[in-house]
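Please open the model in a viewer and keep the selection panel at hand. The tour proceeds by selections, each followed by a description of what is found there.

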Amino acid sequence: MQAKELMDYGKKKNLTQYSLAFITSALISLILMNFVFELDHVSGLSMYPTLDDGQYVVCLKSSLIHYNNGDIVNIASVVLDENIVKRIIGVGGDTIEIKADGQVYRNGTIIQESYLNSDTDFDIEPMSVTVPNGYLFVMGDNRGVSADSRAFGCVSESEVVSVVLFGFE
């Protein structure tokens, strides 16, 4: 082979390798986005300041994990007929009590909620509920504007689409 033929062969080999790497990366990305992760959009201020209106969130599809208190979840709400993003306050078997001063207790212990939006004033309706197995008690971080389990009750785990990993603009 002459020098020009060697150069042409090298270019073709590099192009083939880059093309193969690109196609493999694209396939892996498609598989991950269809079966493991999802991208969603936050609409409204119910999770402010943790998540803001208009932010996007990367989520882990719910069939892959177990739900824990404090997780932020994307719910396909049957009651509201739309997807909503809320924080899990209680899981099956937990007793949630909300006092008139807004303090939330789980199984008799106050929940430390440093993530709450403290800039809002709102009326609190005291309540107590025991979360049935297979259900979740969810609330928004911006309690003054959040439609959540205080209004529509516990959410079935089957309504959870995914768990939020992080948000971005």
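A residue is called partly exposed when its relative accessible area lies between the limits for buried, under 20%, and exposed, over 50%. The model on display is a predicted one.

**First stop: a salt bridge between partly exposed residues**

Select Lys99, which counts as partly exposed because its relative accessibility is 32%. Add Glu97, its salt-bridge partner, and note that the closest N and O atoms are 3.2 Å apart. Glu97 is also partly exposed, at 31% relative accessibility. A search of the whole structure gives 4 salt bridges, and two others are visited later in the tour.

**Second stop: the open sheet**

Select β5, β6, β7 and β8. These 4 strands make an open sheet with antiparallel pairing, in the order β7-β6-β5-β8. Residues 109–110 (β7) and 127–130 (β8) stand at the edges; each of these strands has a single partner, so one side of each is left without a neighbour in the sheet. Now restrict the selection to β6, residues 104–106, and β7: 2 bridges join them in the antiparallel sense. Within this pairing, Arg106 has Thr109 of β7 as its bridge partner.

**Third stop: β2 and its partners**

Select β1 (residues 37–41) together with β2 (residues 56–61). The two strands run antiparallel and are joined by 5 bridges. Phe37 is found opposite Leu60 of β2. Next, add β11, which pairs with β2 in the antiparallel sense over 6 bridges. Here Val57 has Gly167 of β11 as its bridge partner.

**Fourth stop: the nonpolar cores**

Which residues make up the largest nonpolar core? Select Tyr67, Val73, Ile75, Ile84, Ile88, Val91, Leu136, Val138, Phe152, Val155, Val160 and Val163, 12 residues in all. At least two residues of this core come from each of β3 (72–77), β4 (82–91), β9 (135–139) and β11 (160–168). The strand that gives the most is β4, with 3 residues. In soluble globular proteins, nonpolar side chains tend to be buried together.

Centre the view on Ile88. Leaving aside residues up to four places away in sequence, Ile88 touches Tyr67, Asn68, Asn69, Gly70, Asp71, Val73, Leu136, Phe137 and Val138. Another core, of 10 residues, lies apart from the largest one; Ile96, Val104, Tyr115 and Met139 are among its members.

**Fifth stop: Arg87**

Select Arg87, which belongs to strand β4. Is Arg87 buried or exposed? Its relative accessibility is 8%, so Arg87 counts as buried. The side chains of Arg87 and Thr50 make a polar contact at 3.5 Å. With residues up to four places away in sequence excluded, the residues touched by Arg87 include Met47, Ile72, Tyr115, Phe137 and Asp141.

**Sixth stop: two further salt bridges**

Select Arg143 and Glu113, whose closest N and O atoms are 2.6 Å apart in a salt bridge. This pair links distant parts of the chain, 30 residues apart: Arg143 lies in the loop between β9 and α2 (149–152), and Glu113 in the loop between β7 and β8. Arg143 is buried, as its relative accessible area is 6%, and Glu113 is likewise buried, at 13%.

Finally, select Asp148 and Arg150, whose side chains meet in a salt bridge of 2.8 Å, N to O. Asp148 counts as buried because its relative accessibility is 0%, whereas Arg150, at 24%, counts as partly exposed.

Notes. Residues are numbered from 1 along each chain as its sequence is written. This is a predicted model: local features need pLDDT of at least 70, side-chain atom pairs count only at pLDDT 80 or more; totals for chains, interfaces and linings use all residues. Side-chain values use heavy atoms; hydrogens and water are left out. Two strands pair if DSSP finds at least two bridges between them. A nonpolar core is a set of buried Ala, Val, Leu, Ile, Met, Phe, Trp, Tyr and Cys residues joined through side-chain atoms within 4.5 Å. Buried means under 20% relative accessible area, exposed over 50%, partly exposed in between (1.4 Å probe, protein chains only). Contact means heavy atoms within 4.5 Å. A polar contact is a pair of N or O atoms within 3.5 Å; within protein, one must be able to donate a hydrogen and the other to accept it, and residues adjacent in sequence count only if both atoms are side-chain atoms.
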